[in-house]
Amino acid sequence: MTNPRKLPPLAALRAFEAAARHLSFRKAADELAVTPTAISHQMRLLEATLGLPLFERHVRRVSLTPAGAQLYPVLRDGLDNFARAIAALSPAPARGAVTVSATTLFTARRLIPALSAFQAQWPQFALRLHASDDAVDLAGGAADIAVRYGAGPFAGLASEVLCQDRFGVVCSPALGLRDSSDLTAATLIHSEWRRRDLQPDWRRWQALAQVPGLNVDAGLRITDESHALQAAVAGQGVVIASLLLVEDELSRGVLVHPFGPVIEGHQYHLVATEENMASADVQAVRQWLKTVASP
């Protein structure tokens with residue numbers, strides 16, 4: 001049998017390490033949630049047990065004696081090792097919810113309708129949607145994973161292509177448009193994005209279609225894209241829209257895509273930090289997003 005270790009009280013050793021680190025009984029007391037008097041009592045107990053002074057007491061401060069300076073790094077490293085070992089044994093804390101950031105329209109038209117499907121397949125994970133047309137700071141923890149539209153680059157982040165966007169003419173079937181020449185008698189709806197380089201407009205579409213007599217500067221101007229789509233559903237005119245984001249309206253027949261040409265847009269990308277991309281809950285969200293984005 002081995003002899004039991006002969007150690008001073010562990011509470012006194014812990015109090016000494018905190019006091020030596022701060023060189024202050026008061027700060028050690030604040031850290032350990034006790035009074036400065038209790039720290040002072042523990043130090044006198046430890047010094048009496050060792051038979052050596054560990055601190056030199058000054059007015060409003062303390063300093064280590066040679067014995068205290070020798071003992072402090074041993075206790076500091078030992079307590080650090082305890083903390084690391086316990087952290088390695090403890091299960092990782094569960095994330096409160098996986099935050100997904102995506103553009104406002106993508107969130108409204110692709111993510112929100114598919115929320116019940118995510119919950120049914122992965123009930124163990126919670127989901128939080130963050131809708132913004134501005135890129136959030138993923139490295140800073142503003143979101144766990146994002147759907148970003150555009151060419152990138154996404155420096156310092158893991159990314160993969162989610163889907164390809166395509167744009168075309170859409171309108172209410174009540175307008176009865178059958179051929180591109182019918183556009184000359186229709187109201188063109190213009191959606192004014194902040195980033196004009198990311199969304200094709202009527203001028204770009206006309207450059208491909210070459211419809212005789214079509215005035216691409218005339219028509220109705222609406223700053224919000226979702227409102228422009230609502231106007232199209234209501235039969236107020238014809239709009240150039242993402243065929244991916246109006247897929248529901250096209251499948252229900254409240255909007256139609258009567259003719260081409262179709263303009264290739266940018267790609268949607270899944271973006272996250274390497275650490276987040278490897279976690280189980282973000283991987284579940286990743287699989288869900290790939291399903292949601294499938295046209």
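Helices, labelled H, are DSSP runs of at least four residues, and strands, labelled E, are DSSP runs of at least two, both numbered from the N terminus. The structure shown in every view is a predicted model.

**Figure 1. Leu-23 in the loop between helices H1 and H2.** Leu-23 follows just after H1 and takes a positive phi of about 50°. This sign of phi occurs here in a residue other than glycine. Residues count as exposed over 50% relative accessible area and as buried under 20%; Leu-23, at 41%, is therefore partly exposed.

**Figure 2. Helix H1 and its packing partners.** H1 comprises 13 residues, 10-22, and spans 19 Å from its first C-alpha to its last, close to the 18 Å expected at 1.5 Å a residue. Its buried residues are Ala-12, Leu-13, Ala-15, Phe-16, Glu-17, Ala-18, Ala-19 and Ala-20. In an α-helix there are 3.6 residues a turn, so residues three or four places apart point the same way. Helices H2 (25-32), H3 (36-50) and H4 (66-89) are among the elements against which the buried residues of H1 pack. The other partners are strands E1 (55-58) and E2 (61-64).

**Figure 3. The span annotated as "domain: HTH lysR-type" and its E1-E2 hairpin.** The annotation comes from an unreviewed UniProt entry and covers residues 8-65. In the model this span is 62% helix and 14% strand, and its end C-alpha atoms lie 18 Å apart. Strands E1 and E2 run antiparallel and are joined by four bridges, with Arg-57 opposite Val-62 of E2. Two residues separate the strands of this hairpin, and Arg-60 in the turn has a positive phi of about 65°.

**Figure 4. The open sheet of eight strands.** The strand order is E4-E3-E5-E10-E6-E9-E7-E8, and the pairing is mixed. E4 and E8 (220-222) are the edge strands, each pairing on one side only. From one strand to the next, the twist averages 25°. Helix H8 (residues 225-233) packs on the sheet and touches E7 (188-191), E8 and E9 (238-242). The direction of H8 makes about 165° with that of E7.

**Figure 5. Antiparallel pairing around strands E10 and E6.** Strands of a sheet pair through backbone hydrogen bonds, either parallel or antiparallel. E10 (residues 263-272) runs antiparallel to E5 and is joined to that strand by four bridges; Tyr-149 stands opposite Tyr-268 in E10. E10 also pairs in the antiparallel sense with E6 (residues 158-170), over eight bridges. Gln-164 has Gln-267 of E10 as its bridge partner. E6 is further joined to E9 by four bridges, and these two strands run antiparallel. Here Phe-167 has Ser-242 of E9 as its bridge partner.

**Figure 6. Asp-144 and its polar contact with Thr-99.** Asp-144 belongs to the loop between strands E4 (127-131) and E5 (145-149). Although placed in a loop, Asp-144 counts as buried because its relative accessibility is 11%, under the 20% limit. The side chain of Asp-144 reaches the backbone nitrogen of Thr-99 at 2.7 Å.

**Figure 7. Trp-288 and its surroundings in helix H11.** H11 comprises residues 280-292 and contains Trp-288. With 4% relative accessibility, Trp-288 counts as buried. When its neighbours within four places in sequence are left aside, Trp-288 is in contact with Leu-111, Ala-114, Leu-115, Phe-118, Trp-122 and Leu-127. Asp-137 and Trp-288 are 151 residues apart in sequence, and their C-alpha atoms are 22 Å apart in space.

**Figure 8. Backbone geometry at Gln-210 and at the Gly-260 to Pro-261 bond.** Gln-210 lies in the loop between helix H7 (202-209) and strand E8. Although Gln-210 is not a glycine, its phi is positive, at about 55°. Gln-210 is exposed because its relative accessible area is 56%, over the 50% limit. The peptide bond from Gly-260 to Pro-261 is cis, with omega near 5°. Pro-261 is found in the loop between helix H9 (247-252) and strand E10.

Definitions and conventions:
Residues numbered from 1 in each chain as written. Predicted model: local features only at pLDDT ≥ 70, side-chain atom pairs only at ≥ 80, totals over all residues. Heavy atoms only, no water. Buried < 20%, exposed > 50% of the residue type's maximum accessible area, 1.4 Å probe, protein only. Polar contact = N/O pair within 3.5 Å; in protein donor to acceptor, adjacent residues only side chain to side chain. Expected span 1.5 Å × (residues − 1). Contact = heavy atoms within 4.5 Å. UniProt positions renumbered as here; feature names shortened; annotations may be inferred. Pairing = 2+ DSSP bridges. Axes fitted to C-alpha atoms, helices over the stretch in contact; angles between N-to-C directions.
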